[in-house]
Amino acid sequence: MLGVSPPDLVTAAAAAGFSTVGLRISPAADGERPWPVLPGSPMLAETIRRCADTGMRVLDAEAVRLGALPSDYTPVLEAAAALGARYVNAICDDPDLSRLSDSFAALTAAAAPYGIRAVVEFMAYRSVRTLAGAVAIAGRSGGGGVLVDALHVQRCGVPLAALRAVDPALISYVQLCDAPLAAPEAGPASADAVHEARAARLLPGEGQLPLRELLAALPDGIPVAVEAPRSGRGGGSPAEFAARARRALDSVLSQSTSDSKSRVEVPVKSQSKQRP
C-alpha cells in the first residue's frame with residue numbers, strides 16, 4: 001500500500017482492526033518518490049492527528065539507507081520520533097560489511113535518544129544476506145535489533161532452528177506474507193526476486209511458506225506485521241485490502257494458537273497484534 005498516503009493508510013489500518021502501522025517516510029530504493037512527511041510538513045501533522053484520532057500507533061518507519069557514503073538521516077529520525085515509531089528500518093546498501101556494521105552502530109546510537117530502536121534486515125539481494133550476518137551486526141551495535149521477514153527467511157535459506165538459537169533480545173518484530181516455496185527461476189538474488197519481494201507477495205495463508213512454524217521459532221510476544229506489497233493489490237479499495245490483510249493475519253495467528261495449545265497444557269493468551 002505504498003501508493004496510499006500515510007494519513008490515509010493510518011485510517012484504513014484502523015478501520016481494518018490493526019493496532020499499529022508501518023510507514024514509508026523516506027525512500028528505500030533508487031527512483032522512489034517519498035511522501036512529504038518529514039519534520040514541519042502538513043502531511044506529518046495530519047498523520048499524527050489521524051493516529052491520535054484512531055488510537056493507532058506507529059510500529060516502524062522506513063527507511064534509512066546505509067551505503068558506502070555517509071548520509072544525514074536526522075530528518076528521518078525526527079519524523080519517526082514525532083510519529084512515536086518504535087523502530088526504524090535500515091536498508092543495507094554498503095558491500096563493505098565491516099563499514100556497514102559501523103554505520104549501523106552509529107544509526108543505533110543516533111536513534112536511541114529518540115526512543116527508537118534501529119533494526120537490520122537480511123535479504124538475498126542486499127549486502128546482508130544471512131541471518132548470521134544480521135545478528136552479528138545487531139549484536140555489535142550496542143542496542144540494535146534484527147527484523148525477521150517471512151519471505152527473506154525462505155529466500156535466504158534460513159533454517160528455523162537457527163532462528164530459535166538467536167538471542168531473543170535481538171529479535172524486534174516479524175513481517176508476515178506468503179509466497180511459493182520455490183524462489184523465482186532466475187534465483188533468489190535476481191531481478192525477478194527483487195520484483196517478488198517488492199511487488200508480488202501474497203497475503204499470509206495464500207501461499208506455501210511455513211508461517212506457523214516460523215512463528216513458533218520466534219520469541220513470544222513480539223509484534224507481528226503484514227508486509228505483502230502487491231502491484232494493484234488484486235483489486236478493491238485500500239480499505240478493502242487492509243481488511244483482507246487483517247483477516248489473513250487473524251487466520252494464521254489463530255492456527256498458531258491452536259498449534260501452541262497442542263504442544264503445551266496451559267492456556268495461551270492471544271492478542272491479534274502480537275504473536276500468541
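Contact here means heavy atoms within 4.5 Å. With that in hand, here are some notes on this predicted model, arranged as points to follow with the structure open.

1. **Where α1 meets α2.** Six residues of α1, namely Pro-6, Pro-7, Asp-8, Val-10, Thr-11 and Ala-14, are in contact with Met-43, Glu-46, Thr-47, Arg-50, Cys-51 and Thr-54 of α2. Sorted by class, the residues of this contact are six nonpolar, three polar and three charged.

2. **How α1 and α2 are set.** Helix α1 covers residues 6-16 and helix α2 residues 42-54; their axes lie 8 Å apart at an angle of about 15 degrees. Angles under 35 degrees count as roughly parallel, so α1 is roughly parallel to α2. Their crossing is right-handed.

3. **The other neighbour of interest, α3.** Helix α3 spans residues 74-83, and its axis comes within 9 Å of that of α2, with a crossing of roughly 25 degrees. This angle therefore makes α2 roughly parallel to α3. On the α2 side the contact uses Leu-44, Thr-47 and Ile-48, which meet Ala-79, Ala-82 and Leu-83 of α3. By class there are five nonpolar residues, one polar and no charged ones in this contact. Thr-47 is worth a click, since it appears in the contact with α1 and in the contact with α3.

4. **The sheet.** Seven strands form an open sheet in the order β1-β2-β3-β4-β5-β6-β7, and the pairing is parallel. At the edges sit β1 (20-24) and β7 (224-226), each of which pairs on one side only. From one strand to the next the twist averages 30 degrees.

5. **The β1 and β2 pair.** These two strands run parallel and are joined by five bridges. If you want one bridge to look at, take Val-21, whose partner in β2 is Val-58. Strand β2 covers residues 57-66 and includes Ala-63. Please have a look at the backbone there: the peptide bond between Glu-62 and Ala-63 is cis, with omega about -5 degrees.

6. **Cys-92 in β3.** Which strand holds Cys-92? The residue is found in β3, residues 87-92. Cys-92 counts as buried because its relative accessibility is 4%, and the cut-off for buried is under 20%. Leaving aside residues up to four places away in sequence, Cys-92 touches Leu-66, Leu-100, Val-120, Arg-126, Ser-127 and Val-128. Asp-53 is 39 residues from Cys-92 along the chain, and their C-alpha atoms are separated by 35 Å.

7. **Strand β5 and its surroundings.** Is β5 mostly covered or mostly uncovered? Strand β5 (residues 145-149) is mostly covered, with five of its five residues buried. Gly-145, Leu-147 and Asp-149 point one way, Val-146 and Val-148 point the other way, and all of them are buried. Strand β4 (residues 117-121) pairs with β5 in the parallel sense over three bridges; Glu-121 has Leu-147 of β5 as its bridge partner. Helix α5 (residues 131-139) lies across β4 and β5 and runs at about 155 degrees to β5.

8. **Helix α8.** Within α8 (residues 191-199), the buried residues to check are Ala-193, Val-194, Glu-196, Ala-197 and Ala-199. Part of what covers the buried residues of α8 is α6 (150-155).

Technical notes:
Residues numbered from 1 in each chain as written. Predicted model: local features only at pLDDT ≥ 70, side-chain atom pairs only at ≥ 80, totals over all residues. Heavy atoms only, no water. Axes fitted to C-alpha atoms, helices over the stretch in contact; angles between N-to-C directions. Helix = DSSP H or I, 4+ residues; strand = E, 2+ residues; numbered from the N terminus. Parallel < 35°, antiparallel > 145°, perpendicular 65-115°, else oblique. Left-handed = near helix turned anticlockwise from the far one by under 90°. Nonpolar A, V, L, I, M, F, W, Y, C, P; charged D, E, K, R; others polar. Buried < 20%, exposed > 50% of the residue type's maximum accessible area, 1.4 Å probe, protein only. Pairing = 2+ DSSP bridges.
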